[in-house]
Amino acid sequence: MNIDDKIVEAIRNNQEDLKNNDLVSIILEVYLRCGTKGIGELKELFIDAEIDMKLYNNAIEKIIKDFLKNSDLLDT
């Protein structure tokens, strides 16, 4: 698998969070740098590394909840 250099850099930038099983910052950074394609690649990396996908799903849920909490969508 050929990993995008931007994803590799995001992993390096967020090593401490990864050690603490906090995937929110790396998911956000990869999304901002690479879009949805990068998120798909990151997810495959997590699967290959046998990272508990519950952590991934919880991070995605937190990102969405935080986004909705800070948007006008909840006011409707």
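1. **Burial.** Of the 76 residues in this chain, 26% are buried. Please keep in mind as you read that the model is predicted. The accessible surface of the chain comes to about 5,500 Å², and carbon and sulfur atoms account for 50% of that surface.

2. **Overall layout.** The chain holds four helices and zero strands. Reading from the N terminus, you will meet the elements in the order α-α-α-α. The C-alpha trace spans about 45 × 20 × 20 Å along its principal axes. Take the contacts between residues at least 6 apart in sequence: 50% of them join residues at least 24 apart.

3. **Charges.** There are 10 positive and 16 negative charges in the chain. If you take the mean position of each set, the two points are 1 Å apart.

4. **The nonpolar core.** Try finding the largest nonpolar core, which has 15 residues. The members that touch the most other members are Leu23, Ile26, Ile27, Val30, Leu42, Phe46 and Tyr56. Two or more residues of this core come from each of helix H1 (5–13), helix H3 (24–48) and helix H4 (53–69). Which helix gives the most to this core? That is H3, with eight residues.

5. **Tyr56 within the core.** Tyr56 is one of the core residues that touch the most other members, so it is worth a closer look. Setting aside its neighbours within four places in sequence, Tyr56 is in contact with Leu23, Ile27, Ile39, Lys43 and Phe46.

6. **Leu18 in H2.** Leu18 is found in helix H2. Is Leu18 buried or partly exposed? Its relative accessibility is 22%, so Leu18 counts as partly exposed; the cut-off for buried is under 20%. Leaving out neighbours within four places in sequence, Leu18 is in contact with Ile11, Leu23, Ile26 and Phe46. Leu18 and Met53 are 35 residues apart along the chain, and their C-alpha atoms are separated by 13 Å.

7. **Asn14, a buried polar residue.** Look next at the loop between H1 and H2, where Asn14 has its place. Asn14 has a relative accessible area of 7%, so it is buried. The side chains of Asn14 and Ser25 are joined by a polar contact of 3.0 Å. Not counting residues up to four places away in sequence, Asn14 touches Ser25, Ile26 and Glu29.

8. **Glu29, a partner of Asn14.** Glu29 lies in helix H3. With a relative accessible area of 16%, Glu29 is buried. Which residue's side chain makes a polar contact of 2.8 Å with the side chain of Glu29? The partner is Asn14. When neighbours within four places in sequence are left aside, Glu29 is in contact with Ala10, Asn13 and Asn14.

9. **Asn21 and its backbone.** Asn21 sits in the loop between helix H2 (15–19) and H3. Check its backbone angle: although Asn21 is not a glycine, its phi is positive, at about 60 degrees. Its relative accessible area is 49%, so Asn21 is partly exposed; a residue counts as exposed only over 50%.

10. **Glu50 and its backbone.** A positive phi of about 60 degrees is also found at Glu50, which is not a glycine. Glu50 lies in the loop between H3 and H4. Is Glu50 buried or exposed? Glu50 is exposed, because its relative accessible area is 73% and the cut-off is over 50%. Glu50 and Ile63 are 13 residues apart along the chain, with their C-alpha atoms separated by 22 Å.

11. **Ser71, after the last helix.** Finish with Ser71, which lies in the segment after H4. Ser71 counts as buried, because its relative accessibility is 15% and the limit is under 20%. Measure for yourself from Ser71 to Leu28: the two are 43 residues apart in sequence, and C-alpha to C-alpha they are 17 Å apart in space.

How values were computed: Residues numbered from 1 in each chain as written. Predicted model: local features only at pLDDT ≥ 70, side-chain atom pairs only at ≥ 80, totals over all residues. Heavy atoms only, no water. Core = buried A, V, L, I, M, F, W, Y, C linked by side-chain atoms within 4.5 Å. Buried < 20%, exposed > 50% of the residue type's maximum accessible area, 1.4 Å probe, protein only. Contact = heavy atoms within 4.5 Å. Polar contact = N/O pair within 3.5 Å; in protein donor to acceptor, adjacent residues only side chain to side chain. Areas by Shrake-Rupley, 256 points an atom, 1.4 Å probe, with all protein chains shown as cover. Lys, Arg positive; Asp, Glu negative; His and termini not counted. Charge placed at Lys NZ, Arg CZ, Asp CG, Glu CD.
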